[in-house]
Amino acid sequence: MKAQQRTVRVLVVAALLAVLTLAALGTIVDNGFIALDDGDYITHNSMVRGGLTARAVWTAFSTTRHTAIWHPLAWVSHMIDVELFGMRAGGHHAVSLAIHTANVLLLFFLLRSLAGALWRSAFVAALFA
């Protein structure tokens with residue numbers, strides 16, 4: 001098989017993985033925040049609710065306030081979501097879905113590159129999705 005045909009096949013499989021991921025999880029954008037941990041991360045976290053500010057970013061990187069886990073990138077990501085979507089949960093969920101879909105594709109391309117096995121790589125990525 002020619003290299004160009006292999007490339008097209010890989011890109012088609014990647015597109016299918018993206019479509020399947022979005023189809024399977026796309027309804028999440030209609031959901032609200034949940035009581036499990038969204039309070040600590042978003043809804044009851046004044047630092048995040050204030051949006052993306054220099055002080056909030058500094059605080060995110062220098063404290064474990066609100067939870068016992070240090071996760072500044074998650075907080076900064078939520079601050080950006082607040083800037084873009086306010087406190088509308090659907091926007092936050094859409095960003096999470098986009099990140100997850102990108103990770104599905106990243107896993108697929110990584111496995112395809114390392115193992116050279118198109119369908120096995122696609123299967124593992126689909127399971128991850």
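Trainee: Helices are DSSP runs of H or I with at least four residues, numbered from the N terminus. On that basis, what is the place of V10?

Mentor: V10 belongs to helix α1, which covers residues 3-25. Please keep in mind that this is a predicted model.

Trainee: Buried or exposed, that V10?

Mentor: V10 counts as buried because its relative accessibility is 11%, and buried means under 20%.

Trainee: Which residues is V10 in contact with, leaving aside its neighbours within four places in sequence?

Mentor: With those neighbours set aside, V10 contacts F108, F109, R112 and L118. For one of them, F109, the C-alpha to C-alpha distance from V10 is 8.6 Å, although 99 residues separate the two in sequence.

Trainee: Staying in helix α1, which residues does T21 contact beyond four places in sequence?

Mentor: T21, also found in helix α1, is in contact with G26, L97, H100, T101, V104 and A129. The relative accessible area of T21 is 2%, so this residue is buried.

Trainee: Changing topic, where does H93 lie?

Mentor: H93 is part of helix α6, residues 89-115. With a relative accessible area of 13%, H93 is buried.

Trainee: What lies 3.1 Å from a polar atom of the H93 side chain?

Mentor: That is the backbone oxygen of G32. G32 also appears among the contacts of H93 outside four places in sequence, together with I28, V29, N31 and F33.

Trainee: I28, then: what is its place, and which residues does I28 touch, not counting those up to four places away?

Mentor: I28 sits in the loop between α1 and α2 (38-43). Under that restriction, I28 touches H93 and L97. L97 is also one of the contacts of T21. The relative accessible area of I28 is 33%, so I28 is partly exposed.

Trainee: And how far apart are I28 and I80, C-alpha to C-alpha?

Mentor: The distance is 19 Å, with their positions 52 residues apart in sequence.

Trainee: What about W119, buried or exposed?

Mentor: W119 is exposed, because its relative accessible area is 57% and exposed means over 50%. W119 is located in helix α7, residues 118-128. The C-alpha atoms of W119 and L11 are separated by 12 Å, at positions 108 residues apart along the chain.

Trainee: Now the whole chain. How many helices and strands are there?

Mentor: There are 7 helices and 0 strands, giving the pattern α-α-α-α-α-α-α along the sequence. The radius of gyration is 18 Å, well over the 14 Å that the globule rule gives for 129 residues, so the chain is more spread out than a compact globule.

Trainee: What box do the C-alpha atoms fill?

Mentor: Along the principal axes, the box is roughly 55 × 30 × 25 Å.

Trainee: And what share of the residues is buried?

Mentor: Buried residues account for 30% of the 129 in the chain. The exposed area is about 8100 Å², of which carbon and sulfur atoms supply 67%.

Trainee: Among contacts between residues at least 6 apart in sequence, what share joins residues at least 24 apart?

Mentor: That share is 58%. V10 and F109, which are in contact, are 99 residues apart in sequence.

Trainee: Last topic: how many positive and negative side chains are there?

Mentor: The chain carries 9 positive and 6 negative side chains. The centres of the two sets are 19 Å apart.

Terms used: Residues are numbered from 1 along each chain as its sequence is written. This is a predicted model: local features need pLDDT of at least 70, side-chain atom pairs count only at pLDDT 80 or more; totals for chains, interfaces and linings use all residues. Side-chain values use heavy atoms; hydrogens and water are left out. Helices (H or I, at least four residues) and strands (E, at least two) are DSSP runs, numbered from the N terminus. Buried means under 20% relative accessible area, exposed over 50%, partly exposed in between (1.4 Å probe, protein chains only). A polar contact is a pair of N or O atoms within 3.5 Å; within protein, one must be able to donate a hydrogen and the other to accept it, and residues adjacent in sequence count only if both atoms are side-chain atoms. Contact means heavy atoms within 4.5 Å. The radius of gyration is taken over C-alpha atoms; the globule rule is 2.2 Å times the number of residues to the power 0.38. Accessible areas come from the Shrake-Rupley method with a 1.4 Å probe; for residues, only the protein chains shown count as cover. Lys and Arg count as positive and Asp and Glu as negative; His and the chain ends are not counted. The place of a charge is taken as NZ of Lys, CZ of Arg, CG of Asp or CD of Glu.
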